[in-house]
Amino acid sequence: MRGIEEQGALGSAVAVPLRLPATPSTLYDCASITKPLITGTLIMQAVAEGKVRLDDAFEGIPLRQLLTHTSGLKAWLPLYAMGDSLTAIREHGRESEPGTRVIYSDLNFVLLYLLAERVFGDYVRAAEERIFQRLALRDTLFRPGPQWKPRIAATEWSQRWEMTMCADRNVEFSGFRRGLIWGETHDGNSHHHGGTAGNAGLFSTAADVLHIARGWLDGTLVPRGLFEEATRNYTAGMEENRGLGWQLSARGHAATGVLSERAFGHTGFTGTSVWIEPERDRIMVLLTNRVHPCATSVAMQRIRGEFHRLALM
């Protein structure tokens, strides 16, 4: 795998209440690409070391189903408004029969986060020791302190998106953050858990995200055999093509239609994505703060598709 061939930055890392330009050294709230890059990596490392097996169940759900989003759990719950997260998922999380469909769900990775905590003792420390330090990453972390703030891209002005999601579900919650969310995880459930719940919370630069992805390809993070297992399709004929923690390429999809069938990657709500094209020796990382200052509808999949098309020229 080659090094970085091209990188650049456009626009603003912060637009209001002041303006700071985006640069290649800007850190972004990675949102859901935390799922495969960190949580998925830790779970696969636990499998490689014999600490867990993919056919083991956690809270009665096989790890394969959690990793492939075929557990039958709902896409999302405002766990921060529901007391204990594990109890809330047990009592309110079920939507469909396990193994029958793909429902892309944060709840799957909250459970995997709780499992990683049991296996390794501390999720963040495990990520630091097993991923960040192993790859000598300098610009990747959870829970950034105030000294990092000038380098971080801001996200939403208050939690208006999740306020609406709660209102739509008739959930009352008085603890929403007010003002600009800047330097702390945008995701409400990850914030509630102190900076990550396994589904989000990672802060990183595009270069460091590329290095984590490359750690999958070159065997630094996950053994080759498990890499092959993680990137094959477990959900043929279902709503989406899913590997273990990874989304797989889909022909005709706006974001991935230009990629080969062997491509795999993931996206994040804040406007992030990482896609790996093994056949063409490419890793494509796009980090944006599309929710800043307001989380409105943006055609991110079309933007990602055009980005991938240009990157593969």
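This is a guided tour of a predicted model, moving from a sheet to its aromatic pairs and then to the core and two buried loop residues.

**The sheet**

Begin by selecting strands S7 to S10, which form an open sheet of four strands in the order S7-S8-S9-S10, with antiparallel pairing. Strand S7 (247–248) and strand S10 (282–287) stand at the edges, and because each has a single partner strand, one side of each is left without a neighbour in the sheet. Now add helix H10, residues 300–311, which packs on the sheet and touches strand S8 (264–268) as well as S9 and S10, its direction making about 145 degrees with that of S10.

Next, isolate strand S9, residues 272–277, which is joined to S10 by six bridges in an antiparallel arrangement. To follow the register across this pair, label Ser-273, whose bridge partner in S10 is Leu-286, and then Thr-272, which stands opposite Leu-287 in S10. On the other pairing, S8 and S9 are antiparallel over five bridges, and here Gly-268 is the residue that stands opposite Thr-272 in S9.

The turns that connect these strands deserve a look at the backbone. The hairpin of S8 and S9 has three residues between the strands, and Gly-271 takes a positive phi near 110 degrees there. In the hairpin of S9 and S10, with four residues between the strands, Asp-281 is the residue with a positive phi, near 55 degrees.

Is S9 enclosed or open to its surroundings? Six of the six residues of S9 are buried, so the strand is largely enclosed by the rest of the structure. Show its side chains and you will find Thr-272, Val-274 and Ile-276 pointing one way, while Ser-273, Trp-275 and Glu-277 point the other way, all of them buried.

**Aromatic pairs**

Switch now to the aromatic side chains, of which the structure holds ten pairs. Select Tyr-113 and Tyr-123 to begin with: their ring centres are 5.1 Å apart and their planes stand at 65 degrees, so the pair is edge-to-face. This pair links distant parts of the chain, with Tyr-113 in helix H4 (residues 106–120) and Tyr-123 in helix H5 (residues 123–132), ten residues apart. Both Tyr-113 and Tyr-123 are buried.

A further pair to select is Trp-246 and Phe-264, which is edge-to-face with 5.0 Å from centre to centre and 75 degrees between the planes. It too links distant parts of the chain, 18 residues apart, since Trp-246 is in the loop between helix H9 (224–230) and S7, whereas Phe-264 is in strand S8. Trp-246 and Phe-264 are both buried.

Return to the two tyrosines and extend the selection to Phe-132 and Phe-142, because Tyr-113, Tyr-123, Phe-132 and Phe-142 form one aromatic cluster. Then move to Phe-269, where Arg-290 lies over the face of the ring at 4.4 Å from the ring centre.

**The nonpolar core**

Which residues have the most contacts inside the largest nonpolar core? That core has 75 residues, and the ones to highlight for their contacts within it are Leu-37, Ile-38, Leu-111 and Val-274. Helix H4 gives the most to this core, with ten residues. Centre the view on Leu-111 and display its surroundings: leaving aside neighbours within four places in sequence, Leu-111 is in contact with Phe-58, Glu-59, Ile-61, Leu-66, Leu-73, Leu-86 and Ile-89.

**Two buried loop residues**

Go next to Leu-77, in the loop between helix H2 (63–68) and helix H3 (85–92). With a relative accessible area of 7%, Leu-77 is buried. Not counting residues up to four places away in sequence, Leu-77 touches Met-82, Ala-88, His-92, Gly-93, Leu-107 and Asn-189. For one of these, His-92, a distance can be checked in the viewer: the C-alpha atoms of Leu-77 and His-92 are separated by 8.3 Å, although the two residues are 15 apart along the chain.

Finish at Ser-158, which is found in the loop between H5 and helix H6 (160–168). Is Ser-158 buried or exposed? Its relative accessibility is 5%, so Ser-158 counts as buried. Among the residues beyond four places in sequence, those in contact with Ser-158 are Met-163, Arg-177, Arg-178, Gly-179, Leu-180 and Ile-181.

Terms used:
Residues numbered from 1 in each chain as written. Predicted model: local features only at pLDDT ≥ 70, side-chain atom pairs only at ≥ 80, totals over all residues. Heavy atoms only, no water. Pairing = 2+ DSSP bridges. Contact = heavy atoms within 4.5 Å. Axes fitted to C-alpha atoms, helices over the stretch in contact; angles between N-to-C directions. Phe/Tyr/Trp six-rings, centres within 6.5 Å; stacked < 30°, edge-to-face > 60°. Buried < 20%, exposed > 50% of the residue type's maximum accessible area, 1.4 Å probe, protein only. Lys NZ or Arg CZ within 6 Å of the ring centre and 35° of its normal. Core = buried A, V, L, I, M, F, W, Y, C linked by side-chain atoms within 4.5 Å.
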